[in-house]
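Dear colleague,

I am passing on the structure we spoke about, together with some notes on its cysteines and on parts of its surface. Please have the model open beside you as you read.

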Amino acid sequence: AGVSVCTDCAAGKYSETDNGNTAESSCQLCAEGKYSTAVGATFAGSCVDCGAGKYLDTTGNDAESDCISCGPGKFSSSSGLSVCEDCVAGKYSTTDGNDVETDCVLCGQGKYSTTVGATDVASCLSCPAGKYLSLEGSDESEDCVVCESGKYSAVVGAIAISTCLDCPAGKYSGTRGNDAESDCEMCGTGKYSTATGATDAGTCVDCVAGKYLSTEGNDAESDCVLCGKGKYSGTEGSASSATCLDCDEGKYLEEQGKTAASDCRDCAAGKYSTTLGATGTQSCLPCVAGKYATTAGNDAEADCSLCDAGKYSTVVGATASAVCQNCGVGKYLTATGSDSATDCQPCDAGKYSTTVGAALESNCVVCGVGKYSESSGNSAESDCILCPFGKYSESTGRASASDCQDCVAGKYSTTQ
């Protein structure tokens, strides 16, 4: 009888039975993740594991070269695997054959990745401006830390809290995650703030009364503008120079930044001013000669009182009626507000007056009958001259010796 030949199981296969295998199909295939170069292998242990960093997803492989390197974004830290593990989110790998998890590269600080099995650093996304991230290997956008209120950051992919900058003085922000300095709100008009990193409008301080500020975002008290000379304001936090009110007529103010009408100073007695918002005493005009003012703060020339009739004054800026001098005896003055002694009118020839400060022409008394006076401004009755011997005058107020008539023929006079 003929002898039957036993054929070896091929490489990549084995057979553990010895009961007369009758077909090649009785040879068992090496499992996934394994290979065997042995021909006629008799047990599964002849199938060798593919090494770490490789995998094999088919059976019956007969060479180590059949093991496939794990691709980018994957690794295999164990031997005999049929599939490679993905690098987790927050990591990536650009190389083949990675055999440990640490071959997956961490996304750097300031970045994160939600991609599993990432193959490139481009999968690591930068934290947006207004946030930062100091850790590596972050796997979600929520890992990016927002800058706190009162701060901002324009840096994309920021890695440290130090990139969150304070809102500058004069500004504030009550929101988090600001990505530009312009997100910081400016203190309004009439206000300023010296605080950096301010979180609310309460840090903005009103300019004090006597000042105003028409611009926004001011960072110093010195930005508040003083109300000018001649003006005052009682308004705090004023946004306009319109709140600076003029001192009234009759007053002036030489200082800036005053807060009340009571700061305005009166023009002195003997003076007046018609100027609103006067900045100095130069606006206080003196009452002219012939007038005076006993009160301060006069706002019109009409507040200067006239010297009475019969009086005059040469004093400019007079503060009392005592400066008004009487016209002398033998004179009178009907007008008020006279500024010179020459305004006093002398009594006419043939008259005299003993009255000081006479206000009427009628204060001049006529010389009596039998008398005359050729001069004006006579101050006493004795200034009236008697008609000489042999003459007479029947009329009063005679102004010339010729007014004394001769006694007629046949008569004489032994008296004056």
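Is the disulfide of Cys 147 and Cys 164 left-handed or right-handed? Before the reply, please keep in mind that this is a predicted model, and that every value below was computed from it. The torsion about the S-S bond of Cys 147 and Cys 164 is about -75°, so this disulfide is left-handed. Cys 147 sits in the loop between strand E14 (145-146) and strand E15 (151-152), while Cys 164 sits in the loop between E15 and strand E16 (165-166), so the pair ties together parts that are 17 residues apart in sequence. The two sulfur atoms lie 2.0 Å apart, and both Cys 147 and Cys 164 are buried.

The search of the whole structure returned 20 disulfides, and two others are worth setting out here. Cys 267 is joined to Cys 284 with an S to S distance of 2.0 Å, and with -75° about the S-S bond this link is left-handed. The pair connects distant parts of the chain, with Cys 267 in the loop between strand E26 (265-266) and E27 and Cys 284 in the loop between E27 and E28, 17 residues apart. Cys 267 and Cys 284 are buried.

The other is the disulfide of Cys 307 and Cys 324, again with 2.0 Å from S to S, and its torsion of about -75° makes it left-handed. Cys 307 belongs to the loop between strand E30 (305-306) and strand E31 (311-312), and Cys 324 to the loop between E31 and strand E32 (325-326), 17 residues apart. Cys 307 counts as buried because its relative accessibility is 0%, and Cys 324 counts as buried at 9%.

Why is Cys 6 not bonded to Cys 9? The closest cysteine sulfur to that of Cys 6 is in Cys 9, and at 10 Å it is too far for a bond; Cys 6 itself is exposed, at 76% relative accessibility. For Cys 407 the closest cysteine sulfur is in Cys 387, 10.0 Å away and too far for a bond, and Cys 407 is partly exposed at 23% relative accessibility.

On the surface, Asp 248, Glu 249, Asp 299 and Asp 303 gather in a patch of negative charge. Asp 248 lies in the loop between strand E24 (245-246) and strand E25 (251-252) and is partly exposed, at 45% relative accessibility. Gln 282, in the loop between strand E27 (271-272) and strand E28 (285-286), is exposed at 58% relative accessibility.

With best wishes

Terms used
Residues are numbered from 1 along each chain as its sequence is written. This is a predicted model: local features need pLDDT of at least 70, side-chain atom pairs count only at pLDDT 80 or more; totals for chains, interfaces and linings use all residues. Side-chain values use heavy atoms; hydrogens and water are left out. Patches are made of residues with over 30% relative accessible area and no salt bridge: like charges are joined within 9 Å, nonpolar side chains (Val, Leu, Ile, Met, Phe, Trp, Tyr) within 5 Å. Accessible areas come from the Shrake-Rupley method with a 1.4 Å probe; for residues, only the protein chains shown count as cover. A salt bridge is a side-chain nitrogen of Lys or Arg within 4 Å of a carboxyl oxygen of Asp or Glu. Lys and Arg count as positive and Asp and Glu as negative; His and the chain ends are not counted. The place of a charge is taken as NZ of Lys, CZ of Arg, CG of Asp or CD of Glu. Helices (H or I, at least four residues) and strands (E, at least two) are DSSP runs, numbered from the N terminus. Buried means under 20% relative accessible area, exposed over 50%, partly exposed in between (1.4 Å probe, protein chains only). A disulfide is a pair of cysteine sulfur atoms within 2.5 Å.
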